[in-house]
Amino acid sequence: MRMLNSHGADVPHLHEPAPAPEAALPKGHTSHTKHGKRSLVVAGEGSPTVVFESGLGNGKDVWKSVFGEVSAVTRAVAYDRAGYGDSDRATAMRDPLQIVRELRALLKEEDIPPPYVLVGHSLGGTIVKLYARAFPDEIAGVVLVDARHSDFARRCKQVGVPRILYEPPAALFLLARAAMRGELKSSAASAYQARKVGPFPAVPLVVLTQNDAVARWPKGLGRMWAASQRNMTKMSKLSRLEVLDDSGHNVHKDRPDAVVKAVLNVVKAARFLQEKSRKRLY
């Protein structure tokens, strides 16, 4: 039964549980790196450190639904790239390798040493894949959250998928803010840069992808997306693909439990391999 107080506001039934408070990131701070100021949050203790990389147009706040559970197990970091949140505007090209350099400088400035488990959503997945290839000795594991394969556009073109379905429309460049426009324009360099920097390291890898939106895409596009996700698991022999039928592109919002589980499983696997390596040395 609906009850009102004297001001006309709803009064919860005595037996109804209070709503759970919305998840929030810990209080952040600003780091002064050689590439400018960057806003970040750091919480938790332990190794490896989990580093979250957001997708196009998003800052660190998008990870609030998973950050707390991860940082309860190990140290975790989320940050705003140049031009997002409280970070400075970009002063250099926004190609993925430049973003990798800036992230690495931030981690060094904050005295957060490797090894890292990198978690990247969408464009953030492109960035963390490149980081893992460029600096493999620093990486203990990777989680890709509905990330795009670097050759996805080329393969779509090869099989005749209409360009408008796999490339951002020109209007998006006009309407997007400067940080997004720079990243969109430079994202095509990722495939070339990946080939230049070297192979993906032999670390635990989980590829999380959604099927809710893909199931409604044109058949050719959906097939190419599913194939590209399977293909990314070939980067490491220690990999697993998980397809989520009840999630859209923003898996960390639709299924935060799946993201937390994937990240913590990779952390657990990385710790096991680290301990195994230490025992071999002695």
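1. Surface first. The chain exposes about 14,900 Å². Carbon and sulfur atoms supply 54% of that area. Keep in mind throughout that this is a predicted model.

2. Overall make-up. The chain has 282 residues, and 47% of them are buried. Its secondary structure comes to 11 helices and 10 strands. Now look at the contacts between residues at least 6 apart in sequence: 74% of these join residues at least 24 apart.

3. The sheet. Eight of the strands are best read as one unit: an open sheet of 8 strands, in the order β3-β4-β6-β5-β7-β8-β9-β10. The pairing in this sheet is mixed. Which strands are the edge strands? They are β3 (29–33) and β10 (239–244), and each pairs on one side only. From one strand to the next, the twist averages 25 degrees.

4. One strand pair up close. Strand β7 covers residues 116–121, and strand β8 covers residues 139–145. The two run parallel and are joined by 6 bridges. For an example, find H121: its bridge partner in β8 is V145.

5. Helices on the sheet. Helix α2 (residues 96–109) packs on the sheet. It touches β3, β4 (36–43), β5 (49–53), β6 (76–79) and β7. The direction of α2 makes about 110 degrees with that of β3. Helix α3 (residues 123–134) lies across β5, β7 and β8. Against β7, helix α3 runs at about 150 degrees.

6. Aromatic pairs. How many aromatic pairs are there? The count comes to 6. Take Y131 and F135: their ring centres are 5.6 Å apart and their planes meet at 65 degrees, so the pair is edge-to-face. The cut-off behind that label is an angle over 60 degrees. Are the two residues buried or exposed? Y131 is buried, because its relative accessible area is 0%. F135 is partly exposed, because its relative accessible area is 22%, and buried means under 20%.

7. A pair that links two helices. F152 and W225 also form an edge-to-face pair, with 5.3 Å centre to centre and 85 degrees between the planes. F152 lies in helix α4 (residues 152–158), and W225 lies in helix α9 (residues 219–232). The pair therefore ties together parts that are 73 residues apart in sequence. F152 has 4% relative accessibility, so it counts as buried. W225 has 7%, so W225 counts as buried too.

8. More ring contacts. Ring pairs link F52, W63 and F67 into a cluster. Go back to F135 as well. What lies over the face of its ring? It is R104, at 3.8 Å from the ring centre.

9. A loop residue to check. Where is S187? It sits in the loop between α7 (178–186) and α8 (190–197). Its relative accessibility is 25%, so S187 counts as partly exposed. Leaving out residues up to four places away in sequence, S187 touches P96 and L123. S187 and L123 are 64 residues apart along the chain, and their C-alpha atoms are separated by 8.1 Å.

Note on methods. Residues numbered from 1 in each chain as written. Predicted model: local features only at pLDDT ≥ 70, side-chain atom pairs only at ≥ 80, totals over all residues. Heavy atoms only, no water. Helix = DSSP H or I, 4+ residues; strand = E, 2+ residues; numbered from the N terminus. Buried < 20%, exposed > 50% of the residue type's maximum accessible area, 1.4 Å probe, protein only. Contact = heavy atoms within 4.5 Å. Areas by Shrake-Rupley, 256 points an atom, 1.4 Å probe, with all protein chains shown as cover. Phe/Tyr/Trp six-rings, centres within 6.5 Å; stacked < 30°, edge-to-face > 60°. Lys NZ or Arg CZ within 6 Å of the ring centre and 35° of its normal. Pairing = 2+ DSSP bridges. Axes fitted to C-alpha atoms, helices over the stretch in contact; angles between N-to-C directions.
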